[in-house]
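User: I would like a close look at one helix of this model and at the setting in which that helix sits. Please go through it step by step.

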Amino acid sequence: MKGVKIFAPATVANLACGFDVIGLALDFPEDEIFLYKSNTPGIHIHKIHGTSLPTDPKKNVAFVALQFLLKKYQQIENFHKEKKIGFEIELIKNIHPGSGIGSSAASAAGVVFGANILLGNPFNKNQLIRFAMEGERIASGSAHADNVAPAIMGGVTLVRSYNPLDITKIHAPSELWVSIIHPQIEIKTSDAREILKQKVLMTDAIHQWGNVGALIAGLYQENYGLISRSLEDRIVEPIRATLIPAFYELKIKCKEIGALGGGISGSGPSVFMLSKGNDIAKKVTEVMNRVYSTLKVDYKTYTSPINQNGVKWFKII
Ligand code: HSE
């Protein structure tokens with residue numbers, strides 16, 4: 001095998017009440033990554049299509065995540081056995097950086113997933129998530145896993161604990177669809193994290209963990225009423241909503257047409273809504289388009305089912 005072609009999915013982190021712990025993977029959009037193993041030591045990013053990303057390797061999430069993986073591989077696999085290992089990367093970015101739907105996570109998750117295959121699968125998914133989180137640290141200043149975990153594992157994922165890393169895949173009903181609007185404004189994750197309060201009120205915390213528990217139960221029971229009632233964030237959303245034009249109007253109008261609920265995707269600016277079935281999801285996306293067509297902000301919308309399997313790969317022979 002000469003290399004692998006990877007499809008790395010966009011993801012929605014936080015899922016309203018689950019700040020930094022719940023995320024889901026989308027079928028669409030997805031990044032395409034060509035990854036080749038070579039005998040020339042080092043990691044080389046040949047080309048990045050679709051956007052301009054840092055060419056300085058230390059600031060490039062794909063480079064950093066892969067470097068962590070390679071370092072660990074060389075430690076465990078007796079470096080002298082195969083000391084000349086390098087990787088060549090070509091990235092096609094279909095997920096816009098800074099969109100809030102896991103662009104950096106897709107790059108990081110995609111390359112570590114592909115490199116693991118090319119090295120003969122020495123690492124498990126938990127370890128791959130760890131490497132990809134180092135890419136997230138570079139991109140946003142925080143090594144959160146709620147984008148990289150669903151990108152690698154697929155479906156809906158829950159981070160029970162960061163230390164030790166304990167991530168579990170949650171049942172995601174196949175009828176659950178996602179509508180996304182990406183207003184083309186810039187919100188840096190690091191800025192969107194900095195504005196958050198470091199302490200929360202006990203009354204808000206009680207609501208929040210009630211909602212997290214109920215959302216997970218709702219997903220397992222395929223109880224759409226319970227999912228809908230649980231999509232509420234009392235802690236992060238009220239602060240970040242101020243950064244997103246027409247956020248509350250979007251939410252109200254999408255729910256009026258039948259959305260179960262939603263919130264800010266990751267740290268924004270994208271907004272997501274969940275619906276039962278493709279028909280309602282499409283109507284919800286139309287409502288998103290209508291709300292934003294009256295504003296002076298460029299935007300893009302997507303409608304996607306949940307990606308149940310995460311990263312996909314194909315051999316390049
Ligand atoms: N959980 C992270 C945040 C996701 O909201 O800051 C960033 O994509």
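Analyst: In this predicted model, the centres of domain 1 and domain 2, taken over C-alpha atoms, are 25 Å apart. According to the domain assignment, domain 1 covers 3–171 + 309–316 and domain 2 covers 176–305. The two domains touch: 29 residues of domain 1 are in contact with 34 residues of domain 2.

The helix chosen for the close look is helix 2, which runs over residues 103–118. Helix 2 has 16 residues, and at 1.5 Å a residue they should span 22 Å. The C-alpha atoms at its two ends are 23 Å apart, which agrees with that expected span. Of the 16 residues in helix 2, 15 are buried, so the helix is mostly covered. Just after helix 2 comes Gly120, which has a positive phi of about 90 degrees.

One neighbour of helix 2 is helix 3, residues 125–140. The axes of the two helices come within 9 Å and cross at roughly 145 degrees. The crossing of helix 2 past helix 3 is right-handed. On the side of helix 2, the residues that meet helix 3 are Ser104, Ala105, Ala108, Ala109, Val112, Phe113 and Asn116. On the side of helix 3, they meet Leu128, Phe131, Ala132, Gly135, Glu136 and Ala139. Sorted by class, this contact has nine nonpolar, three polar and one charged residues.

Helix 6, residues 202–221, can be set beside this picture. Its 20 residues should span 28 Å at 1.5 Å a residue, and the C-alpha atoms at its ends are 28 Å apart, which agrees. The buried residues of helix 6 include Asp204, Gln208, Asn211, Val212, Leu215, Ile216 and Leu219. Among the elements that cover the buried residues of helix 6 are strand 2 (22–38), strand 5 (156–162), strand 6 (165–170), strand 7 (176–183) and helix 7 (224–230). Helix 6 is followed by Glu222, which has a positive phi near 50 degrees.

A last detail lies outside the helices. Asp20 is in the loop between strand 1 (3–13) and strand 2. The relative accessible area of Asp20 is 13%, and because buried means under 20%, Asp20 counts as buried. Leaving aside residues up to four places away in sequence, Asp20 touches Asn14, His144, Asp146, Val159, Tyr162 and Arg193.

Definitions and conventions: Residues numbered from 1 in each chain as written. Predicted model: local features only at pLDDT ≥ 70, side-chain atom pairs only at ≥ 80, totals over all residues. Heavy atoms only, no water. Axes fitted to C-alpha atoms, helices over the stretch in contact; angles between N-to-C directions. Helix = DSSP H or I, 4+ residues; strand = E, 2+ residues; numbered from the N terminus. Left-handed = near helix turned anticlockwise from the far one by under 90°. Contact = heavy atoms within 4.5 Å. Nonpolar A, V, L, I, M, F, W, Y, C, P; charged D, E, K, R; others polar. Expected span 1.5 Å × (residues − 1). Buried < 20%, exposed > 50% of the residue type's maximum accessible area, 1.4 Å probe, protein only. Domains from an automatic or database assignment.
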